[in-house]
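Colleague: I am new to this structure and would be grateful for a close look at a single part of it. Please begin with one residue in a loop, and then explain how its surroundings fit into the whole.

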Amino acid sequence: MRRLLLALITALALTAALVAPSAQAASTAYPGSMASTGDSITRAFDVKSSGCFLSDCPQYSWSTGAGVNSQYARLLALNPAISGHNLNDAQTGAKMSALAGQLGTAAAQNVDYVTILMGANDLCTSSTSTMTPTKTFRSQFGAALSQFTTARPGAKVFVSSIPNIYQLWSLLHRNFSAVFTW
């Protein structure tokens, strides 16, 4: 629990640093490249309003998408040097066990900034017995993050919270389209 709290505090501090830099900060204070890690949410899978029926549409990703008000788009407004340096290493269907590989890819790409939104597929299973155990989840996350920060010690990391799967289910379990997609 302490690691998750520390990761959350770190993510909040990073967000504050990116959103409200000092007046003297030059554009070089912002990352010149970024990558996203995660699952179908980060791949913008099945974004109906964009015509992406049951397929990945990373151009609409909340993280690296160029077609939406993503983190990349907001960083681009602050630092034009990041233009075209937005990599999406997420994989639809990925679980926490895949994070080390995704972060390894991001490290090999020498990115200055990486986002992580992972865990929904560890929770969204047919029964509680098939969910990733909390201890395993923490261990996989910690090891992946440690490997990345060792490889890229100066890189900034943003860790997003896991979507509230039960809330989504309670709102949409009677919606035919949502149930069909699930």
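Modeller: Ala 44 has a relative accessible area of 5%, and it counts as buried because the limit for that class is under 20%. The model in which this residue is seen is a predicted one. Ala 44 belongs to the loop between H2 and H3. Its backbone deserves attention as well: phi of Ala 44 is near 55 degrees, which is a positive value in a residue other than glycine.

A second residue invites comparison. Asn 110 also has a phi near 55 degrees, again positive in a residue other than glycine. Asn 110 is placed in the loop between H4 and E3. Its relative accessibility is 48%, so Asn 110 counts as partly exposed, whereas Ala 44 is counted as buried.

The loop that holds Ala 44 also holds Trp 62, since this tryptophan lies between helix H2 (40–43) and helix H3 (71–78). The structure contains 1 aromatic pair. Its partners are Trp 62 and Phe 158, with 6.0 Å from centre to centre and 55 degrees between the planes, an arrangement classed as tilted. Phe 158 sits in strand E4 (residues 156–159), and the two partners are 96 residues apart, which makes the pair a link between distant parts of the chain. The accessibility of the two rings' residues falls into separate classes. Trp 62, at 22% relative accessibility, is partly exposed; Phe 158, at 15%, is buried.

Another point of long-range contact is found at Ser 36, a residue of strand E1 (residues 34–38). Ser 36 is buried, with a relative accessibility of 0%. If residues up to four places away in sequence are not counted, Ser 36 touches Thr 42, Ser 63, Thr 64, Leu 87, Asn 88, Asp 89, Ala 90 and Thr 115. For one of these, Asn 88, the C-alpha atom lies 4.9 Å from that of Ser 36, although the two residues are 52 residues apart in sequence.

Ala 120 offers a further example. This residue is part of helix H5 (residues 120–123) and is buried, with a relative accessible area of 8%. Leaving aside neighbours within four places in sequence, Ala 120 is in contact with Asp 39, Ile 41, Ile 162, Pro 163 and Ile 165. Its C-alpha atom is 7.6 Å from that of Lys 95, a residue 25 places away in sequence.

The helices may be considered next. The axes of helix H4 (residues 99–108) and helix H6 (residues 134–151) come within 9 Å of each other and cross at roughly 10 degrees. An angle under 35 degrees counts as roughly parallel, so H4 is described in that way with respect to H6. On the H4 side, the contact is made by Leu 99, Ala 100, Leu 103, Ala 106 and Ala 107; on the H6 side, by Phe 141, Ala 144, Leu 145, Gln 147, Phe 148 and Ala 151. The residues of this contact comprise 10 nonpolar, 1 polar and no charged.

Several of these side chains recur in the largest nonpolar core, which has 19 residues. The members that touch the most other members are Leu 99, Leu 103, Val 114, Ile 116, Phe 141, Phe 148 and Val 157. At least two residues of this core come from each of H4, strand E3 (113–117), H6 and E4. H6 provides the largest share, 5 residues. Apart from this core lies another, of 7 residues, which includes Tyr 30, Tyr 72, Tyr 113 and Phe 158. Phe 158 is thus a member of that core as well as a partner in the aromatic pair. Within the largest core, Leu 99 may serve as an illustration: beyond its neighbours within four places in sequence, Leu 99 is in contact with Thr 37, Ile 116, Met 118, Phe 141 and Ala 144.

A view of the whole protein completes the account. The protein has 8 helices and 4 strands, and from the N terminus these elements follow the order α-β-α-α-β-α-β-α-α-β-α-α. Of its 182 residues, 35% count as buried. Among contacts with a separation of 6 or more, 65% join residues 24 or more positions apart.

How values were computed. Residues are numbered from 1 along each chain as its sequence is written. This is a predicted model: local features need pLDDT of at least 70, side-chain atom pairs count only at pLDDT 80 or more; totals for chains, interfaces and linings use all residues. Side-chain values use heavy atoms; hydrogens and water are left out. Axes are lines fitted to C-alpha atoms, for helices over the stretch in contact, and angles run from 0 to 180 degrees between N-to-C directions. Angles under 35 degrees count as roughly parallel, over 145 as roughly antiparallel, 65 to 115 as roughly perpendicular and the rest as oblique. Contact means heavy atoms within 4.5 Å. Ala, Val, Leu, Ile, Met, Phe, Trp, Tyr, Cys and Pro count as nonpolar, Asp, Glu, Lys and Arg as charged, and the others, Gly among them, as polar. Rings of Phe, Tyr and Trp (its six-membered ring) pair if their centres lie within 6.5 Å; planes under 30 degrees apart count as stacked, over 60 as edge-to-face and the rest as tilted. Buried means under 20% relative accessible area, exposed over 50%, partly exposed in between (1.4 Å probe, protein chains only). A nonpolar core is a set of buried Ala, Val, Leu, Ile, Met, Phe, Trp, Tyr and Cys residues joined through side-chain atoms within 4.5 Å.
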